[in-house]
Amino acid sequence: MTSQSTWPRGVYPARLIERLHAEGHIGARRPFDADQVQPASLDLRLGDRAFRVRSSFLPGPDRTVAERIDSLKLHEIDLTAGAVLERGCVYLVPLQESLSLPPGVAAGANPKSSTGRLDVFTRVIGDRAQGFDTMPAGYQGPLYLEVSPRTFPVLVREGSRLSQMRFRMGDSRLTLAEHLALHKAETLVYDADQQVGEGVSLSIDLKGADRGGLVGFRSKRHSAVIDVDKKDALDVLDFWDPLINRGKDELILDPDEFYILVSREAVHVPPSHAAEMVPFDPLVGEFRVHYAGFFDPGFGHSAAGGTGSHAVLEVRSREVPFLLGHGQIIGRLVYERLAEAPDRLYGAGLGSNYQAQTLKLSKHFRPFSLI
């Protein structure tokens with residue numbers, strides 16, 4: 001194994017992820033898929049079986065995940081030919097990837113964008129973990145994915161990719177001064193009225209002026225199954241109700257309903273950095289925004305087909321109805337330094353699904369427009 005001194009500080013772009021794999025720090029039951037390594041993250045693949053469990057859990061410092069599964073499982077599901085995961089149920093799936101991280105190198109996980117836009121709740125856990133989606137520096141062991149569809153039943157199979165992992169050494173988040181300097185040099189947000197502080201604050205667009213008044217979508221309660229591996233296969237109106245601005249520039253979120261909305265601002269992640277949507281501040285409103293938080297280098301970058309891209313937001317109200325108004329702040333995008341210059345960027349060259357997006361559903365649906 002390679003010593004700690006040879007691994008740089010910062011978020012690891014694709015080339016360093018591939019090096020981690022080549023040197024045995026990322027294990028895989030099968031060779032990586034051709035497009036599995038993204039500009040600053042690694043897609044994680046489901047294994048050949050899933051366990052329906054009674055509840056979500058963390059194994060704690062003295063238990064492995066397998067030990068917890070044995071005490072909580074209801075039944076085992078074969079994924080080799082595909083299987084439907086039902087809404088409202090909790091599943092644990094052993095992943096094809098495992099970790100033997102070098103000292104100092106840690107990992108974090110998030111749902112993929114398409115997963116979040118289907119309201120499929122996912123979290124990665126490891127042995128003896130005391131937190132979700134976080135693998136401590138030097139972690140060695142298997143990886144498991146907790147999967148809980150909240151709105152639509154989904155068809156998955158061995159090799160389906162619902163989650164992604166980012167690797168880093170040290171604290172690479174920018175300070176207030178560094179965010180301001182990067183915005184001055186690279187333009188992080190294309191909005192003269194938007195202020196950059198410790199990240200870019202994002203507000204909600206409830207006008208839909210460039211979309212014929214379309215401001216978002218609310219999921220339908222009873223729908224067919226969605227195959228997570230099929231693109232452009234489904235009619236939007238079979239699964240979603242369009243939300244139209246009728247002149248009020250506001251929207252009441254109903255409890256237990258799922259919404260797809262979009263940010264008012266277009267943002268830019270320059271090639272030298274990655275970004276992440278940080279957890280929403282509960283003091284601002286009783287709702288959750290953005291399940292999928294990773295933004296790769298090149299998102300909204302002009303040379304990669306962007307010139308600013310809007311953030312699509314997965315929104316679910318909590319216990320009470322909540323009124324959103326146009327321009328209300330709903331999240332914050334925080335930037336991190338890459339450990340080295342990337343050899344690929346998010347965008348058309350990689351077949352990325354959401355470059356230059358405005359309001360857009362997941363890749364599983366055919367295009368929809370009121371105009």
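**View 1. Gly-298 lies in the loop between strand S24 (294–295) and strand S25 (309–317).** The model shown here is predicted. Gly-298 is buried. Its relative accessible area is 0%, and the cut-off for a buried residue is under 20%. Tyr-346 is 48 residues away from Gly-298 along the chain. In space, the C-alpha atoms of Gly-298 and Tyr-346 are separated by 4.8 Å.

**View 2. Strand S12 (residues 140–149) is largely enclosed by the rest of the structure.** Which count supports this description of S12? Eight of its 10 residues are buried, so the strand is largely enclosed. Here too, buried stands for a relative accessible area under 20%. Two strands that pair with S12 appear in the next two views: S8 and S10.

**View 3. Strand S8 (residues 90–100) runs antiparallel to S12.** Seven bridges join S8 and S12. One residue pair can be picked out to follow the pairing: Val-93 has Leu-145 of S12 as its bridge partner.

**View 4. Strand S10 (residues 120–126) pairs with S12 in the antiparallel sense.** The pairing of S10 with S12 extends over seven bridges. Which residue of S12 is the bridge partner of Val-124? The partner is Leu-145. Leu-145 is also the bridge partner of Val-93. Leu-145 therefore belongs to a strand, S12, in which eight of the 10 residues are buried.

**View 5. Three strands form an open sheet in the order S7-S13-S18.** The pairing in this sheet is mixed. Strand S7 (83–85) and strand S18 (226–227) stand at the edges. Each has a single partner strand, so one side of each is left without a neighbour in the sheet.

**View 6. S7 and strand S13 (residues 154–156) run antiparallel.** How many bridges join S7 to S13? There are three bridges. Within this pairing, Val-84 stands opposite Leu-155 in S13. S7 is an edge strand of the open sheet.

**View 7. The whole protein has four helices and 27 strands.** The protein has 371 residues, and buried residues make up 54% of them. Consider the contacts with a separation of 6 or more: residues 24 or more positions apart account for 80% of these. The accessible surface of the protein comes to about 15400 Å². Carbon and sulfur atoms hold 49% of that surface.

Technical notes. Residues are numbered from 1 along each chain as its sequence is written. This is a predicted model: local features need pLDDT of at least 70, side-chain atom pairs count only at pLDDT 80 or more; totals for chains, interfaces and linings use all residues. Side-chain values use heavy atoms; hydrogens and water are left out. Buried means under 20% relative accessible area, exposed over 50%, partly exposed in between (1.4 Å probe, protein chains only). Two strands pair if DSSP finds at least two bridges between them. Contact means heavy atoms within 4.5 Å. Accessible areas come from the Shrake-Rupley method with a 1.4 Å probe; for residues, only the protein chains shown count as cover.
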